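Q: I have a new model open on my screen and would like to learn how to read it. Could you walk me through it?

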Amino acid sequence: LDASLRTFGSTATSTGTEEASHHPLLKDTGKYADIESGLTLVGIVGIKDPARPEAADSILQCAEAGIRVMMITGDARDTAVAIARDVNIFPKLTDAGENRDTPIKAYEGREFFEKSDAEQLNLLKSGNIVFCRAEPADKQKLVKMLQSLGEIPAMTGDGVNDAPALQQAAIGIAMGITGTEVAKEAADMILADDNFATIVAAIEEGRCIYANMQAFICFLISCNIGEICAILFATVAGFPEPLTAMHLLWVNLVTDGPPATALGFNPPAPDIMTQRPRPSNEPIMTRWLLTRYCLTGLYVGLATVGVFVGHYMNEGNGITLSELSSWGKCGTLWNPSNGASCESLFQGAGRMLPQTLSLTTLVCMEMLKALSAVSVDSSLFTVGPQKNRWLLLGVAVPFLLHLAVLYSDRLGIPVLGESFGMVPLSQENWVTVLKWSLPILLVDEVLKGIGRRVNESKEEEQRASAGALES
């Protein structure tokens, strides 16, 4: 018989079809030996409560995601192990008998807790485990022991006796259909369909939400770092301000907000369920991410100032870096070589054009960064922005608004562009803007590649430590 079946013997006696439970002989316990003699075996009945079909695949997903599964049941050991093999908690047995001799961790509750404390903790450190003939109180003991090891245990339960363990666990999960009201009150989460696959789906959704929060925060921080760097570089070098206060306000309110909000709708990364669980004490902005976005912000700041300085140093203006750094002394310490007046270079439209170039370059870089931020580590060619239509909208609308202000004179409201200190850009100006803004994608892709290597090395270290514990 299948080891996962609960078996019951069926017998017949000479009493015929009379109800055995109401037979008067059963009232006299001294006659039990006579009653149990002369029986005829009719057959054996096997009763099996099979796991849901999707449970086996879900537990394989847990293994790939670095999540260990422990089954606690009141069944006999052989029954519990057979069910554990059915749902991939333990390796399945093949027709050739493979995996039969593979060591497994299956213990009766009393057997496990008779071991020393050190041995119990050592067994709980790694691998999937099955506890059979367990009592409800054993669940709470196991939760406390796992927490003492630094694990984050999630406990499922449906009965009144499961309530203490559900409260003790980091995440208590009650059954919505078969669960008691006491269990539901004690739990942090209720499964509406009593399906283990729903737990795995919730883990994937939780990881996706965390990644989107990370993308949102990191995008805004990197953008602000770029703006700070631009103002800092220009101030330290003594250059004119490449961005006015109105420009910074425009960037923060219009061109930063919608893309950042749209990043909250990013789809899950393709490898999100193959990543190891992150440490509970890991900050949302890790050291590597902070370093990465500081480097990205550094380029944003350099490009914003670079396009501004490049405008003054071209052949038409012919101003050197030293002259630009002492622009306030134009007309006294030095004079423009092209015969232009200092006012035409640094006042009015003469200053509005390079500032418009700086602002437009900054806006383009931030839009490109938003498109690249669909995934924190996956390449833009692997997870493209087309997978988040809200992001495409969040990038298109601010950019169109920027163009509307930029070419407001053609819309019949020139005062709009003047109020923001912007002038229309020529085709040559747009080529200059793209030359400075497009490299941000290359910078981001290189840093993403380094980030993937960093994550892979961390995962290899975690697997090596887990393998050492199992051995």
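A: Happy to: we will go from the whole chain to one helix, then to a pair of residues and some backbone angles. Keep in mind throughout that this is a predicted model.

Q: Let's start with the whole chain. How many helices and strands does the protein chain have?

A: The protein chain has 19 helices and eight strands. A good next step is to look at the radius of gyration. For the protein chain it is 35 Å, well over the 23 Å that the globule rule gives for 471 residues, so the chain is more spread out than a compact globule. The box tells you about the outline: along the principal axes, the C-alpha atoms fill roughly 125 × 50 × 40 Å.

Q: What share of the residues counts as buried, and what supplies the exposed surface?

A: Of the 471 residues, 40% count as buried. The chain exposes about 25000 Å², and carbon and sulfur atoms supply 58% of that area. For charge, count the side chains: there are 36 positive and 53 negative ones, with the centres of the two sets 3 Å apart.

Q: How do I read contacts along the sequence?

A: Look at how far apart the partners are in the chain. Among contacts between residues at least 6 apart in sequence, 69% join residues at least 24 apart.

Q: Now a single helix. Why do the buried residues of a helix end up on one side?

A: Here is the general idea: an α-helix has 3.6 residues a turn, so residues three or four places apart point the same way. Now take helix α2, residues 53-64, whose buried residues are Ala 55, Ala 56, Ser 58, Ile 59 and Cys 62. These cover an arc of only 165 degrees around the axis, which puts them on the same side of α2. Pro 53 and Asp 57, on the other side of α2, are exposed.

Q: What covers the buried residues of α2, and what follows that helix?

A: The cover includes α3 (77-86) and α9 (196-237). After α2 comes Gly 66, with a positive phi near 80 degrees.

Q: Which residues other than glycine have a positive phi here?

A: Asn 88 is one of them, with phi near 70 degrees. Asn 88 sits in the loop between α3 and β4 (106-108) and is buried, at a relative accessible area of 17%. Asp 194 is another example, with a positive phi of about 55 degrees. You will find Asp 194 in the loop between β8 (189-191) and α9. Asp 194 counts as buried because its relative accessible area, 14%, is under the 20% cut-off.

Q: Can we finish with two residues from separate helices? Is Gln 355 buried or exposed?

A: Gln 355 is buried, with a relative accessible area of 6%, and lies in helix α15 (residues 349-372). Phe 308, in helix α12 (residues 287-313), is also buried, at 1%.

Q: How many residues separate Phe 308 and Gln 355 along the chain, and what separates their C-alpha atoms in space?

A: Phe 308 and Gln 355 are 47 residues apart along the chain, while their C-alpha atoms are separated by 6.5 Å. To see the surroundings, list the contacts, leaving out residues up to four places away in sequence. On that basis, Gln 355 touches Glu 241, Pro 242, Thr 244, His 247 and Phe 308. Counted likewise, the contacts of Phe 308 are Pro 240, Glu 241, Pro 242, Pro 354, Gln 355 and Ser 358.

Definitions and conventions. Residues are numbered from 1 along each chain as its sequence is written. Side-chain values use heavy atoms; hydrogens and water are left out. Helices (H or I, at least four residues) and strands (E, at least two) are DSSP runs, numbered from the N terminus. The radius of gyration is taken over C-alpha atoms; the globule rule is 2.2 Å times the number of residues to the power 0.38. Buried means under 20% relative accessible area, exposed over 50%, partly exposed in between (1.4 Å probe, protein chains only). Contact means heavy atoms within 4.5 Å. Accessible areas come from the Shrake-Rupley method with a 1.4 Å probe; for residues, only the protein chains shown count as cover. Lys and Arg count as positive and Asp and Glu as negative; His and the chain ends are not counted. The place of a charge is taken as NZ of Lys, CZ of Arg, CG of Asp or CD of Glu. The arc is that of the directions from the helix axis to the C-beta atoms.
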